[in-house]
Amino acid sequence: MEDKQIRETRQRLMAKYEELMRSINRNRLAAEQISVEKTEDDSDLARINHNKDILYHQNESDFHRLRFIEEALKALDRGQYGDCVRCGEDIDDKRLIAVPWANLCIRCQEEAEKAQTFSDLVLAGPEEEMDL
Ligand SMILES: [Zn+2]
């Protein structure tokens, strides 16, 4: 990988990292607000719990994504960025552009999705991030 490409990739990863941090902080504030809400009403209570669940899951997936980005940045430092963590093959350039923190090649990704045993790795898949 060329220096310029490494720099650009790092910038993209950092931008995404900061975006996630903002999102996590926002959700934490929202969760704090929800937890001070008090109600005797059952339907209100259901709504509050539902909102808490949504925030909780949102934060879980944000944290997951954050970990992947951290790993991608470390791999970039080690010069191993773009290597599949499972088979060691190069990850396709197009895939890295779509999902800069991908750590599996498309073949391993598909196998992992089929096996469902790599739930952590599967989260790095492209399906949620097609807007990139
Ligand atoms: Zn692979």
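Trainee: In this predicted model, is Cys87 buried, partly exposed or exposed?

Mentor: The relative accessibility of Cys87 is 34%. Buried requires under 20% and exposed over 50%. Cys87 therefore counts as partly exposed.

Trainee: Which residues are the protein donors of the zinc ion?

Mentor: The donors follow the spacing C-x2-C-x17-C-x2-C along the chain. Each donor atom is an SG, lying 2.3 Å from the zinc ion. The residues are Cys84, Cys87, Cys105 and Cys108.

Trainee: How many residues apart in sequence are the parts that Cys87 and Cys105 tie together?

Mentor: Both cysteines are donors of the zinc ion. Cys87 lies in the loop between helix H2 (42-78) and helix H3 (93-98), whereas Cys105 lies in the loop between H3 and helix H4 (106-115), so the pair ties together parts whose separation is 18 residues.

Trainee: What is the geometry of the zinc site?

Mentor: The site has 4 donor atoms, with angles of 104 to 116° among them. Four donors need all angles between 85 and 135 degrees to be assigned this class. The site is therefore tetrahedral.

Trainee: Which helix gives the most residues to the largest nonpolar core?

Mentor: This core has 21 residues, and those with the most contacts inside it are Leu13, Ile69, Tyr81, Cys84 and Trp101. Helix H1 (3-36), H2 and H4 each supply at least two residues. With 7 residues, the helix that gives the most is H2.

Trainee: Which residue's side chain makes a polar contact with the side chain of Gln109?

Mentor: Gln109 lies in helix H4 and is buried, at 2% relative accessibility. Its side chain makes a polar contact at 3.0 Å, and the partner is Arg95.

Trainee: How many residues apart are Arg10 and Asp77?

Mentor: Arg10 and Asp77 form a salt bridge, their closest N and O atoms being 3.0 Å apart. Arg10 is partly exposed at 31% relative accessibility, while Asp77 is exposed at 58%. The pair links distant parts of the chain, Arg10 in helix H1 and Asp77 in helix H2, at a separation of 67 residues.

Trainee: In which helix do Lys16 and Glu19 lie?

Mentor: Their side chains meet in a salt bridge, at 3.4 Å from N to O. Lys16 is buried at 11% relative accessibility, whereas Glu19 is partly exposed at 43%. The two residues are 3 apart, about one turn of the helix, and both lie in H1.

Conventions
Residues are numbered from 1 along each chain as its sequence is written. This is a predicted model: local features need pLDDT of at least 70, side-chain atom pairs count only at pLDDT 80 or more; totals for chains, interfaces and linings use all residues. Side-chain values use heavy atoms; hydrogens and water are left out. Donors are N, O and S atoms within 2.8 Å of the metal (3.2 Å for Na, K and Ca); water is not among the atoms, so sites may look incomplete. Four donors count as tetrahedral if all angles lie between 85 and 135 degrees; four count as square planar and six as octahedral if opposite donors are over 155 degrees apart and all others between 65 and 115; anything else is irregular. Helices (H or I, at least four residues) and strands (E, at least two) are DSSP runs, numbered from the N terminus. Buried means under 20% relative accessible area, exposed over 50%, partly exposed in between (1.4 Å probe, protein chains only). A nonpolar core is a set of buried Ala, Val, Leu, Ile, Met, Phe, Trp, Tyr and Cys residues joined through side-chain atoms within 4.5 Å. A polar contact is a pair of N or O atoms within 3.5 Å; within protein, one must be able to donate a hydrogen and the other to accept it, and residues adjacent in sequence count only if both atoms are side-chain atoms. A salt bridge is a side-chain nitrogen of Lys or Arg within 4 Å of a carboxyl oxygen of Asp or Glu.
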